[in-house]
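Work through these exercises with the structure open beside you. Try each task before you read its solution.

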Amino acid sequence: MARLCASGICQRVERMNRRRTLLWLGLGLLAVGALAFPAAAWAAPMSEEGGSAGGATFFGLIPLIILFPVVGLLINLAFGKYLGEKWVGVVACGAAGLSFVIAVLQLVSLVNNGFHAETFSLADWIVIGDLNVPWAFQIDTLSVTMMLVVTGVGTLIHIYAVGYEHADVRHNGDPGRYARFFVYLNLFLAAMLILVTGNSYLTMFVGWEGVGLCSYLLIGFWFEKGEGGVGNARAGRKAFVANRIGDWAMLIAIFMLFWMFRSLTFGDIFGQLARIRLSEQGQLMITAITLLLLIGATGKSAQIPLYVWLPDAMAGPTPVSALIHAATMVTAGIYMITRSYPLFGLAPISQNAVALVGAATALWAATIAVGQFDIKRVLAYSTISQLGFMVAAVGMGAYVAGMFHLVTHAFFKALLFLSAGSVIQALERGQEHASGAAAHDSGHHGPDPQDMRNMGGLWSKLPITKWVYLIGALALAGIFPLAGFWSKDEILLDGFTKGITEGKPADLAVYLLLTVAAFFTAFYMGRQILMVFFGQPRTDAAKHATESPRVMTYPLIVLAFLAFFGGALNLPGLFGLEVPGAHALAEWLGHTLGEAEKGELNLLVAGISTGLALVAIAISYAIYRGKPATAEERDPLQGMLGPVFTGMNRKWWVDEFYDLIILRPYNWLARISADLIDGRFWHDWFHDAVLAGLFNIFSRLLADGVDKGFVDPVISDFPADLSKGIAAFFRRVQTGFVRSYALAVFVGVVVVLGYFLIVR
Amino acid sequence: MESTVPTSYYVVLSAILFTLGVTGVLVRRNAIIIFMSVELMLNSANLVFVAFARQFMELSGQVFVFFVMTVAAAEVAVGLALIVTIFRTKKSISVDDINQLKG
């Protein structure tokens with residue numbers, strides 16, 4: 001299809017097909033809705049009618065939010081091969097969309113319920129002695145916020161993926177994997193929703209592991225591709241192992257929580273925390289628990305020291321990078337820390353550690369992002385950096401600011417990744433066009449379509465993508481009045497207030513680190529925009545790039561809208577004036593997180609950060625205006641910074657460092673264990689010489705002495721001979737002559753009758 | 001009931017017939033003859049049944065005879081069919097030739 005449509009005539013046909021696809025999408029949503037109706041009818045009686053503040057509540061529908069993606073993935077798993085791309089997409093998007101509807105219903109329910117948190121218990125899950133973990137859903141303002149983000153952004157990305165994967169599976173030469181992609185995507189959605197809806201640490205951990213698995217599966221979606229045919233598989237493994245380290249800490253924290261509180265549900269733990277006074281030992285325990293939780297968060301949310309997996313995770317298809325590795329899964333750590341705020345509130349040491357880790361990560365990753373050439377890697381490091389902002393915020397106790405940034409970041413980072421995917425595919429199309437349709441099936445060839453050095457001059461080629469990309473980039477850079485400005489500013493404001501006004505040195509350090517990170521953020525985004533969209537096209541691919549189909553650009557437009565106006569969720573107060581709608585998110589989350597601070601717009605903080613951002617963009621403009629002119633030319637920063645730029649480009653050699661201090665000793669130890677301990681000692685000597693030798697002697701004894709000497713002649717041969725002899729005797733009776741049998745019968749009858757007649 | 005033949009006569013006759021039947025089964029080789037001898041034995045039993053039924057004025061003995069005759073007829077039908085089949089394969093109906101399970 002794509003090959004045919006390289007010519008102009010077919011483009012109209014293609015467009016008509018797209019329109020029909022959209023129609024099918026709508027029909028499919030209706031169909032899945034119809035399927036869901038019985039389920040809803042089943043669940044409806046469970047929803048209580050009429051909350052305390054009037055109006056209906058739909059808490060009973062909460063299991064459906066997980067059920068829909070599960071049903072979707074089961075349908076695609078079983079019938080995906082036969083459904084065809086259209087219906088696979090319809091089912092997956094329909095499932096995601098219906099989950100979003102449920103999330104909205106939960107929002108309505110909470111409003112009607114007077115914002116009171118609700119627990120919906122579905123079933124007992126684990127009941128062993130003291131351990132009683134129900135499978136229950138926590139519905140409060142915090143979890144509903146997460147549900148809305150996960151399902152909302154998730155649905156948009158699902159729709160985008162319908163278009164993106166259509167091209168991606170063909171570009172990679174295996175259209176049969178189309179359905180598999182959406183199975184994984186729905187599975188991810190289900191796991192993420194388990195994570196955010198669970199009302200205990202264990203339920204959360206189930207989702208926590210589930211999203212890790214999906215991440216692994218999707219990073220390695222093209223597992224046979226990548227460097228040396230194993231690059232993508234290695235990237236998936238790296239993500240999995242790095243996450244395991246975090247999971248290990250998380251599990252130990254969960255064990256300790258149970259040991260301390262005899263329960264794992266949030267309500268029980270935080271309720272006990274509020275009642276009891278902690279002993280010194282208890283204080284120590286809480287600190288240990290929170291530090292372990294922090295390690296868990298560094299794994300999932302890609303913070304120092306476990307962040308190394310996230311850039312490699314870009315091996316996955318771009319919608320995955322957007323959904324999992326930018327917008328939702330990686331925010332799980334922030335959600336978990338926010339959820340555990342009563343614990344962290346009692347452990348100031350851990351809080352400082354969280355804040356400093358976050359701030360350090362924010363700056364560290366931002367510097368690396370400056371030196372990258374891969375369009376997705378820049379965004380990956382930017383994600384790590386922004387997650388650092390959020391972690392720093394929750395570490396300072398500014399949970400609302402952290403969540404606010406989480407939400408806006410989900411908008412603009414999903415937007416950026418998806419737009420980057422649009423750019424990449426535009427380049428792939430351009431490459432195909434340039435090299436002729438004949439080379440279509442041969443997979444990767446020509447210049448790397450993800451390398452920004454191969455782009456340039458796309459401004460006139462991509463009429464929609466350029467605008468949404470620009471909006472995303474400005475939102476990320478924190479330019480007024482886009483979403484990123486408000487949320488980033490709130491975090492900086494918290495650091496400023498706590499650091500300078502309240503004089504906490506750790507928070508001051510956090511503030512300074514984050515401010516510098518914000519400067520770098522604006523710089524690398526400016527660099528990226530200039531390298532991608534401006535200057536002259538540096539390759540044939542860039543010269544012939546074309547805009548993506550509407551099924552991809554429409555979600556981008558929606559996300560761009562959100563990235564533009566997302567800041568309205570939580571506007572700060574201004575000079576004590578009541579701005580209408582200000583602090584909406586703070587008040588909303590305040591019902592769960594307790595009374596939250598309500599930031600005033602501080603012109604100094606906002607001015608510094610915006611000023612720095614503008615300066616950074618100006619610098620990037622000065623440096624990268626029209627440069628590099630060709631793909632071979634070296635980066636202009638290389639000339640100015642020299643080895644520093646090399647360091648940024650090589651990610652400060654962290655991978656090499658880990659390789660040196662962890663992987664190599666580990667491999668060495670493994671080889672020693674395998675060769676020397678297992679091979680030589682255990683296998684060759686102990687097993688072969690000692691065990692096998694002894695066993696041989698013993699079995700020889702058994703065979704010759706016991707078996708041949710006693711068992712064979714006495715137990716088996718003798719009875720056999722005996723029965724053979726008896727049989728030989730009686731065989732003679734069996735002559736085969738009917739008359740002799742009849743005679744025997746006759747004689748028998750006579751004898752029996754005679755006995756009865758005569759003897760008795 | 002006027003002067004009639006005493007029951008003992010019937011019993012003796014029946015015993016003679018039965019003995020003839022047994023002897024026939026034991027000494028003859030022709031399967032059809034053996035069959036006929038078996039019929040003889042069955043009928044000697046029938047005779048005794050009828051005789052005692054008359055003596056004790058009891059109908060059940062006579063009813064039994066009908067059963068025996070029915071079963072005998074069925075048996076003959078099956079038996080003759082077997083004999084015909086055997087003759088077709090063995091070309092003989094001597095029971096001494098039929099001394100193998102397989103054949």
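**Exercise 1. Describe the make-up and overall form of chain A.**

Start with the secondary structure. In this predicted model, chain A has 26 helices and two strands.

Next, test the chain against the globule rule. For 760 residues the rule gives 27 Å, but the radius of gyration of chain A is 34 Å, well over that value, so the chain is more spread out than a compact globule.

Then look at the box. Along the principal axes, the C-alpha atoms of chain A fill roughly 130 × 75 × 60 Å.

Finish with the contacts. Take those in chain A with a separation of 6 or more: 79% of them join residues 24 or more positions apart.

**Exercise 2. Decide whether helix α17 of chain A is enclosed or open, and check its length.**

Find the helix first: α17(A) covers residues 483–501.

Check the length. Its 19 residues reach 26 Å from first C-alpha to last, close to the 27 Å expected at 1.5 Å a residue.

Now count burial. A residue is buried if 20 or more other C-beta atoms lie within 10 Å of its own. By that test, 16 of the 19 residues of α17(A) are buried, so the helix is largely enclosed by the rest of the structure. For chain A as a whole, 49% of the 760 residues count as buried.

Look past the end of the helix. G503(A) follows α17(A), and its phi is positive, near 70 degrees.

**Exercise 3. Find the residues with the most neighbours in the largest nonpolar core.**

The core holds 230 residues. Those that touch the most other members are A392(A), A414(A), L415(A), L514(A) and A563(A). Helix α2 of chain A, residues 62–112, gives the most to this core, with 23 residues.

Zoom in on A563(A). Leave out residues up to four places away in sequence. Its contacts then include F411(A), F412(A), L415(A) and I471(A). A483(A) is also among them.

**Exercise 4. Work out how chain A meets chain B.**

Count both sides. Eight residues of chain A are in contact with eight residues of chain B. The chain A side divides into five nonpolar, two polar and one charged.

Now take one helix pair. The axes of α26(A), residues 738–759, and α1(B), residues 7–27, come within 8 Å and cross at roughly 145 degrees.

Name the partners. R739(A), A742(A), L743(A) and F746(A) meet V22(B), V25(B) and L26(B). Sort the residues of this contact: six are nonpolar, none polar and one charged.

Definitions and conventions: Residues are numbered from 1 along each chain as its sequence is written. Chains are lettered from A and ligands numbered from 1 in the order in which they are written. This is a predicted model: local features need pLDDT of at least 70, side-chain atom pairs count only at pLDDT 80 or more; totals for chains, interfaces and linings use all residues. Two residues are in contact if their C-beta atoms, placed from the backbone, lie within 7 Å. Ala, Val, Leu, Ile, Met, Phe, Trp, Tyr, Cys and Pro count as nonpolar, Asp, Glu, Lys and Arg as charged, and the others, Gly among them, as polar. Helices (H or I, at least four residues) and strands (E, at least two) are DSSP runs, numbered from the N terminus. The radius of gyration is taken over C-alpha atoms; the globule rule is 2.2 Å times the number of residues to the power 0.38. A residue is buried if 20 or more other C-beta atoms lie within 10 Å of its own, exposed if 12 or fewer, and partly exposed in between; C-beta atoms are placed from the backbone. Axes are lines fitted to C-alpha atoms, for helices over the stretch in contact, and angles run from 0 to 180 degrees between N-to-C directions. The expected span of a helix is 1.5 Å times one less than its number of residues. A nonpolar core is a set of buried Ala, Val, Leu, Ile, Met, Phe, Trp, Tyr and Cys residues joined through C-beta atoms within 7 Å.
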